[in-house]
Amino acid sequence: MEELSPRALAVSELIIGVFRANGALIAAGDDLARPARLTSARWQVLGFVDTEARTVADVARLMGLRRQSVQQTADALVRDGLAELRDNPRHRRAKLIAPTPAGLRALADVERRHAEWADRLAARLDPDAVAAARALLDTLSAAIEQEPPHDR
């Protein structure tokens with residue numbers, strides 16, 4: 001196994017911490033969304049189309065996910081009556097996804113629980129550390145985009 005330089009080790013440990021936090025956030029999101037019959041993924045997609053209908057590709061780009069995974073989530077939302085597909089005036093084949101009234105109610109329910117939970121969570125964290133972590137995550141994301149693990 002290749003030995004990591006101290007700076008590579010520090011970044012690798014940060015990445016592992018982000019993975020761990022991501023897992024915890026998905027689990028917490030699922031817990032927050034479950035009473036509204038949603039999952040974290042469904043909640044996220046509804047949140048990206050609640051004020052503006054978008055294509056699946058647009059949602060995937062905004063979320064940093066693959067189009068296929070967002071398509072599966074969108075299909076499930078449509079199947080369950082929480083979203084609908086609309087004609088797209090800019091593209092005949094790429095439909096727009098938009099929430100139904102039931103989807104908006106479910107989203108509002110989750111967002112209420114999220115606001116309460118986020119406030120409790122924020123009370124346990126130093127605001128300056130939160131701001132620094134946010135800035136570091138933005139910088140990390142930009143660096144990853146500039147230095148992909150393989151040639152594109």
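Which residue's side chain meets that of Arg 34 in a salt bridge? In this predicted model, the partner is Asp 31, with an N to O distance of 2.9 Å. Asp 31 has a relative accessibility of 48% and therefore counts as partly exposed. This pair belongs to a wider set, since a search of the whole structure finds 11 salt bridges. The overall architecture is described below, followed by the core, the individual helices and the charged pairs.

The protein contains six helices and three strands. Along the sequence, these elements follow the order α-α-β-α-α-β-β-α-α. Taken along the principal axes, the box filled by the C-alpha atoms spans roughly 50 × 40 × 25 Å. Of the 152 residues in the protein, 24% are buried. The accessible surface amounts to about 11,100 Å², and carbon and sulfur atoms account for 55% of this area. Among contacts between residues at least 6 apart in sequence, 51% join residues at least 24 apart.

In soluble globular proteins, nonpolar side chains tend to be buried together. In the present model, the largest nonpolar core comprises 21 residues, and the members that touch the most others are Leu 38, Val 45 and Leu 77. At least two residues of this core are supplied by each of helix 1 (6-33), helix 2, helix 3, helix 4 and helix 5 (101-123). The surroundings of Val 45 illustrate the packing. With neighbours within four places in sequence left aside, Val 45 is in contact with Val 59, Met 63, Val 70, Thr 73, Leu 77 and Ile 97.

Two of these contacts of Val 45, Val 59 and Met 63, recur in the description of helix 3. The buried residues of helix 3 (residues 56-63) are Val 56, Val 59, Ala 60 and Met 63. Viewed down the helix axis, the buried residues fall within an arc of 100 degrees, so they line one face of helix 3. The cover over these residues includes helix 2 (40-49), strand 1 (54-55), helix 4 (67-79) and strand 3 (91-99). After helix 3 comes Gly 64, which has a positive phi near 75 degrees.

Helix 3 also carries a charged pair. The side chains of Arg 61 and Asp 58 form a salt bridge with an N to O distance of 2.6 Å. Because Arg 61 and Asp 58 are three residues apart in helix 3, about one helical turn separates them. Arg 61 is exposed, its relative accessible area being 59%, whereas Asp 58, at 22%, is partly exposed. Elsewhere, Asp 109, Arg 112, Arg 113 and Glu 116 are joined into one network by salt bridges that share partners.

A further salt bridge, between the side chains of Arg 42 and Asp 80, has an N to O distance of 2.6 Å. Arg 42 is situated in helix 2 and Asp 80 in the loop between helix 4 and strand 2 (83-88), so the pair ties together parts that are 38 residues apart in sequence. With a relative accessibility of 15%, Arg 42 falls under the 20% limit and therefore counts as buried. Asp 80, by contrast, has a relative accessibility of 35% and counts as partly exposed.

Helix 2 also includes Ser 40. This serine counts as buried because its relative accessibility is 5%. When neighbours within four places in sequence are left aside, the contacts of Ser 40 are Leu 25, Ile 26, Gly 29, Asp 30 and Ala 33. The loop between helix 1 and helix 2 contains Arg 37. Although Arg 37 is not a glycine, its phi is positive, at about 60 degrees. Arg 37 is exposed, with a relative accessible area of 63%.

Nonpolar side chains are also found on the surface. Leu 121, Leu 125 and Val 130 form a nonpolar surface patch, with a combined accessible area of about 230 Å². Val 130 is located in helix 6 (residues 127-146). At a relative accessibility of 42%, Val 130 counts as partly exposed.

Technical notes:
Residues numbered from 1 in each chain as written. Predicted model: local features only at pLDDT ≥ 70, side-chain atom pairs only at ≥ 80, totals over all residues. Heavy atoms only, no water. Buried < 20%, exposed > 50% of the residue type's maximum accessible area, 1.4 Å probe, protein only. Helix = DSSP H or I, 4+ residues; strand = E, 2+ residues; numbered from the N terminus. Arc of directions from axis to C-beta. Contact = heavy atoms within 4.5 Å. Patch = residues over 30% accessible without salt bridge, like charges linked within 9 Å, V, L, I, M, F, W, Y side chains within 5 Å. Areas by Shrake-Rupley, 256 points an atom, 1.4 Å probe, with all protein chains shown as cover. Salt bridge = Lys/Arg side-chain N within 4 Å of Asp/Glu carboxyl O. Core = buried A, V, L, I, M, F, W, Y, C linked by side-chain atoms within 4.5 Å.
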